[in-house]
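Here is a short set of questions and answers for a reader meeting this structure for the first time.

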Amino acid sequence: MSADNERSAMDWEQRFRDDTTPWERASLHPAARDWIDGGQLKPGERVMIPGCGRSPEVVEFAALPMQVVAADLSQTAIAWQGEALAASGVTAELIVADILQWRPAEPFDAIYEQTFLCAIPPRLRGEYEQAVHDWLRPGGALLALFMQKEERGGPPYGCSIEAMHELFPQERWIWPADADFTAYPHPSLNGKPELGGVLIRR
Ligand SMILES: C[S@@+](CC[C@H](N)C(=O)[O-])C[C@H]1O[C@@H](n2cnc3c(N)ncnc32)[C@H](O)[C@@H]1O
């Protein structure tokens, strides 16, 4: 395992090199479609996609057009995104980094991520909450997809709504009603549902 991955649960770079990536969706996440249609993802706004892997949202959001910054530990995944952007004739800023320790020069209007929080070791979740809070402007949106999973261990690590309320406290985040989250079953990963909802940074 490379030094870059010491803080990670698995060797992501090797997974991309081996093309062993069962978390990937072939097309735009239905939640992303709903948030574009609902105006939570707006043309012109700055959006961050942490742990982007080879997800199609980087190109799709850049084409809206949004100002996209996408980051991943994996050089191979980021190189793939560079080629996908070039092939589509759109642009985004791509970063290879342990993104939990990165901070932007300018805050973001929105953060979109899928299967990233559930992929990092739970002991790093406090760092994740601090990072996304620092990245967003006050009033900015965390477009959350919380992976639901009962079994222990991972990745993916389960992100129950109770655990997420503890991680994203009311003093720092405005929550939707729990009943307003939408369940999106994953097409692989045994159909585990992700609960999609929008948290606003105070
Ligand atoms: C389960 S994959 C999800 C990839 C992508 N979001 C998708 O849905 O296809 C988790 C991703 O997070 C990346 N990752 C894990 N820890 C990271 C970290 N600390 N900083 C940046 N990327 C990280 C991995 O390289 C991998 O691409």
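Q: What makes the link between the side chains of Asp134 and Arg103 a polar contact?
A: In this predicted model, where local features need pLDDT of at least 70, side-chain atom pairs count only at pLDDT 80 or more, and totals for chains, interfaces and linings use all residues, the side chain of Asp134 lies 2.8 Å from the side chain of Arg103. A polar contact is a pair of N or O atoms within 3.5 Å, and within protein one must be able to donate a hydrogen and the other to accept it, while residues adjacent in sequence count only if both atoms are side-chain atoms, so the 2.8 Å pair is called a polar contact. Residues are numbered from 1 along each chain as its sequence is written, and side-chain values use heavy atoms, with hydrogens and water left out.

Q: Why is Asp134 called partly exposed?
A: The relative accessible area of Asp134 is 34%, and since buried means under 20%, exposed over 50% and partly exposed in between (1.4 Å probe, protein chains only), Asp134 is therefore partly exposed. Asp134 is found in helix 5, residues 125-135, where a helix is a DSSP run of H or I with at least four residues, numbered from the N terminus.

Q: How do you know that the protein is as compact as a globular protein of its length?
A: The radius of gyration, taken over C-alpha atoms, is 16 Å, close to the 17 Å that the globule rule (2.2 Å times the number of residues to the power 0.38) gives for 202 residues, so the protein is as compact as a globular protein of that length.

Definitions and conventions
Helices (H or I, at least four residues) and strands (E, at least two) are DSSP runs, numbered from the N terminus.
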